[in-house]
Amino acid sequence: MCHNQTACNYSERVDLNAVRTFVAAADAGQFQHAAAELSITQQAVSKRVAALERDLGVRLFIRTPRGAELTIDGQAFLPHARELLQAEERADASVRPGRRALRVDVINRRIAPAVLLQDFYRTHPDIDLDVVTLATDVGSAIAAVEDGTIDATFRAVTVPARQLPAVIRTARVIADAHQLLVGPAHPLAGAPSVTPAELAGHRIWMPGMAPGTEWTAYYDEFAATFGLTIDVVGPVFGNEALLDEIAGSARLATLVGEGSRYLWPDSYDLRRIPVQRPTPIFPLSLIWRGDNPHPALLKLRTYLDARQTDATDADVWEPTGGIADE
């Protein structure tokens, strides 16, 4: 974003190399010194300044025995010229790997990857981090990593590693155990834990799951394995509306990841009940390009390696596709 409108207007018709040369000459007070700083000839400095003066329609310098002095117009233009160069630097830094922020897709800001990434940022507050949410399937997310749109994503990958692009690397970093979320009037509200088999016959409401996504495939296989019915019918009014409906219902329940972050009023009295024997696990991997040079990416991978969240319960259920790691 350009913070100075005058500078923005100039940028539409001014050569930034000429602007950079003008600023260097203004700071040095001599074209010769500006040439040395920019590693160009003094003649090139003179030509660039002359071209800039033609573009602007004003004189910027007066030649004197001591060098070059700014005219009144040159003095007026100088702060805008500096702003142009600063805007160029910000624009370059916003997209160049290693200079721009580390850009990581967390799918949804309420679920385990976002919570884990926030913990990483608390540990490394000096890192410039850009958290994004791509509402896409795993294939599209991997494509975004491959083309450099993002540096990394958290996804469930259920294809063999040999089917992934050659530059893509994956490492399993999260095993998110599932919980049943119910209101106080639900028949299972007082249970310390429930088994998947005990969920049969209860309405598990998860509206808005998009076909073709890895989480929809996960819940489809989970429901088929344990004879459950997961209801995805109904408009999506957001998490707050879903929680409100569940809080007031004796029939509705939903499934949430253990690492997910949900907040609700105390009056809702919602219950998060572990699902066990077996514990359904949603496996998530960090996905990145093996040749990505961003220095913060290695720090993130090291942090995640040290924070493995695999379930300690040996009795777990995972989708049959498994996870494709390097």
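Helices (H or I, at least four residues) and strands (E, at least two) are taken as DSSP runs, numbered from the N terminus. With that naming in hand, Ser260 turns up in the loop between β9 and β10 (271–274). The model is a predicted one, and in it Ser260 is tucked away: its relative accessible area is 10%, so this serine counts as buried, the cut-off being under 20%. Setting aside neighbours within four places in sequence, the contacts of Ser260 are Arg110, Ile111, Ala112, Asp176 and Arg272.

Ile111, one of those contacts, also serves as a handy marker for distance. The C-alpha atoms of Arg54 and Ile111 are 57 residues apart along the chain and are separated by 57 Å. Arg54 itself sits in helix α4 and is exposed, with 62% relative accessible area.

Helix α4 (residues 42–56) also has a partner in helix α2 (residues 16–28): the two axes come within 9 Å and cross at roughly 110°. That angle makes α2 roughly perpendicular to α4, and the crossing, as α2 passes α4, is left-handed. On the α2 side, the contact is made by Asn17, Ala18, Val19, Thr21 and Phe22, while α4 puts in Val45, Arg48, Val49 and Leu52. Sorted by class, this contact has six nonpolar, two polar and one charged residues.

A second helix pair is formed by α6 (residues 112–123) and α10 (residues 295–306), whose axes come within 11 Å and cross at roughly 110°. Again the angle makes for a roughly perpendicular arrangement, here of α6 to α10. As for handedness, α6 passes α10 in a right-handed crossing. From α6 come Leu116, Leu117, Asp119, Phe120 and Thr123, and these meet Ala296, Lys299, Leu300, Tyr303 and Leu304 of α10. The class count for the contact of α6 with α10 is seven nonpolar, one polar and two charged residues.

Helix α9 (residues 239–247) is a story of one face. Its buried residues are Leu242, Leu243, Ile246 and Ala247. They span an arc of only 130° around the axis, which puts them on the same side of α9. What these buried residues pack against is a set of strands, namely β6 (168–182), β7 (203–205) and β9 (252–257).

The backbone has a few oddities too. Most residues other than glycine have a negative phi, and most peptide bonds are trans. Against that background, Ile107 has a positive phi of about 70° although it is not a glycine. This isoleucine lies in the loop between β3 (102–105) and α6, and with 15% relative accessibility Ile107 counts as buried. Asp269 is another non-glycine residue with a positive phi, in this case about 55°. Asp269 belongs to the loop between β9 and β10, which is also where Ser260 is placed. In contrast to the buried Ser260, Asp269 counts as partly exposed, at 36% relative accessibility.

The peptide bonds offer an oddity of their own: Arg277 and Pro278 are joined by a cis bond, with omega at about -5°. Pro278 is found in the loop between β10 and β11 (279–289).

Conventions: Residues are numbered from 1 along each chain as its sequence is written. This is a predicted model: local features need pLDDT of at least 70, side-chain atom pairs count only at pLDDT 80 or more; totals for chains, interfaces and linings use all residues. Side-chain values use heavy atoms; hydrogens and water are left out. Axes are lines fitted to C-alpha atoms, for helices over the stretch in contact, and angles run from 0 to 180 degrees between N-to-C directions. Angles under 35 degrees count as roughly parallel, over 145 as roughly antiparallel, 65 to 115 as roughly perpendicular and the rest as oblique. A crossing is left-handed if the near helix is turned anticlockwise from the far one by less than a right angle, and right-handed if clockwise. Contact means heavy atoms within 4.5 Å. Ala, Val, Leu, Ile, Met, Phe, Trp, Tyr, Cys and Pro count as nonpolar, Asp, Glu, Lys and Arg as charged, and the others, Gly among them, as polar. Buried means under 20% relative accessible area, exposed over 50%, partly exposed in between (1.4 Å probe, protein chains only). The arc is that of the directions from the helix axis to the C-beta atoms.
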